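Visitor: Please take a close look at one part of this protein, the group of aromatic rings, and then show me what else there is to see around the chain.

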Amino acid sequence: MTQYIPKSGKSLFEPLEFERKNTEEMQTISRELFERMTKRRSIREFSTDEVPLDVVRNAIAAANTAPSGANKQPWTYVMISDPELKKTLREAAEVEERRFYKERASDEWLTDLLPFGTNWEKPMLEDAPVLIAVFAQSQGNDGEKHYYVKESVGLSVGMLLAALHLSGLATLTHTPSPMAFLNEILDRPSNERPFLLIPVGYPARNCVVPNIERKTEAQYLVEKISSK
Ligand code: IYR
């Protein structure tokens, strides 16, 4: 083991900025946040209306604050609004998706997708004014080791989706498979693995979403608390 020498002019630790809220305020904030988060839905029908790009940039900046293994921050976000590039991405995604729906997917998988009405066609990749391609860096550009990469990028994307939703934008977490075309088209190095492609925008005027149910508290929460 070698000794850690902090970057010049920096001390190893710094005081934490943290303000305690009173309990009532915490309860109000947590309830209101839950109520706002419960309105988040993945959408597949996007309006072609433009969105303010600085709002998207701010959401990506929020995602960049996520915790990560050894603080390696093993993500790259590519923000795309160029219509030609979106068209290229749509065409490449549809090549893979056509194979997925017609050849690669198991019957069980296709049956599981029926409630969502998905198919190989991906008009949202052109309709949505912005696409965010998320890459997970399996290692640093200089070969530096990265840790818990999927966990770290998953945490970061969770924060991104929350930030976009709370800012008033809708998303779809699209997973074309395989996604290697994203490296080629977006000119990303081979240490960056495509993680997700996220159309971002406003819902189309008559957008509908699947009538799904969320787990109930009894299903998602196990409490081990002291009984007073
Ligand atoms: N990648 C395909 C299939 C698909 C898979 C899952 I799991 C979904 O939750 C939704 C779709 C597609 O994007 O259509």
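**The aromatic cluster and its setting**

Guide: F100 and Y101 are both buried. This is a predicted model, and what follows should be read as a description of that model. A search of the whole structure turns up two aromatic pairs. In one of them, F100 and Y101 meet edge-to-face, with 5.0 Å from centre to centre and 85° between the planes. In the other, F100 pairs with W109, also edge-to-face, at 4.8 Å centre to centre and again with 85° between the planes. The two numbers are given because a pair of aromatic rings is described by the distance of the centres and the angle of the planes. F100 has a part in both pairs, and F100, Y101 and W109 form one aromatic cluster.

How buried or exposed are the members of the F100–W109 pair? F100 has a relative accessibility of 7%, so it counts as buried, the cut-off being under 20%. W109 has a relative accessibility of 45%, so it counts as partly exposed, between the 20% and 50% limits.

Now for helix α3, which covers residues 83–104. E97 has its place in this helix. A relative accessible area of 5% is why E97 is classed as buried. Apart from neighbours within four places in sequence, E97 is in contact with W120, K122, H174, T175, P176 and S177. T88 is also located in α3, but at 35% relative accessibility T88 counts as partly exposed. From T88 to E35 there are 53 residues in sequence and 38 Å in space, taken from C-alpha to C-alpha.

Another helix can be followed from end to end. Helix α6 runs over residues 149–166, which makes 18 residues. From its first C-alpha to its last, α6 reaches 26 Å, close to the 26 Å expected at 1.5 Å a residue. The buried residues of α6 are V149, S152, V153, S156, V157, L160, L161, A162, A163, L164 and H165. Their cover includes the helices α1 (23–37) and α2 (53–63), together with the strands β1 (75–80), β2 (130–137), β3 (170–171) and β4 (192–201). Just after α6, G168 takes a positive phi of about 100°.

Last, the whole protein. There are eight helices and four strands, and along the sequence they come in the pattern α-α-β-α-α-α-β-α-β-α-β-α. The C-alpha trace spans about 55 × 50 × 40 Å along its principal axes. Of the 228 residues, 33% are buried. Among contacts with a separation of 6 or more, 82% join residues 24 or more positions apart. The protein exposes about 15,800 Å², and carbon and sulfur atoms supply 51% of that area. There are 29 positive and 33 negative charges, and their mean positions are 4 Å apart.

How values were computed: Residues numbered from 1 in each chain as written. Predicted model: local features only at pLDDT ≥ 70, side-chain atom pairs only at ≥ 80, totals over all residues. Heavy atoms only, no water. Helix = DSSP H or I, 4+ residues; strand = E, 2+ residues; numbered from the N terminus. Buried < 20%, exposed > 50% of the residue type's maximum accessible area, 1.4 Å probe, protein only. Contact = heavy atoms within 4.5 Å. Areas by Shrake-Rupley, 256 points an atom, 1.4 Å probe, with all protein chains shown as cover. Lys, Arg positive; Asp, Glu negative; His and termini not counted. Charge placed at Lys NZ, Arg CZ, Asp CG, Glu CD. Expected span 1.5 Å × (residues − 1). Phe/Tyr/Trp six-rings, centres within 6.5 Å; stacked < 30°, edge-to-face > 60°.
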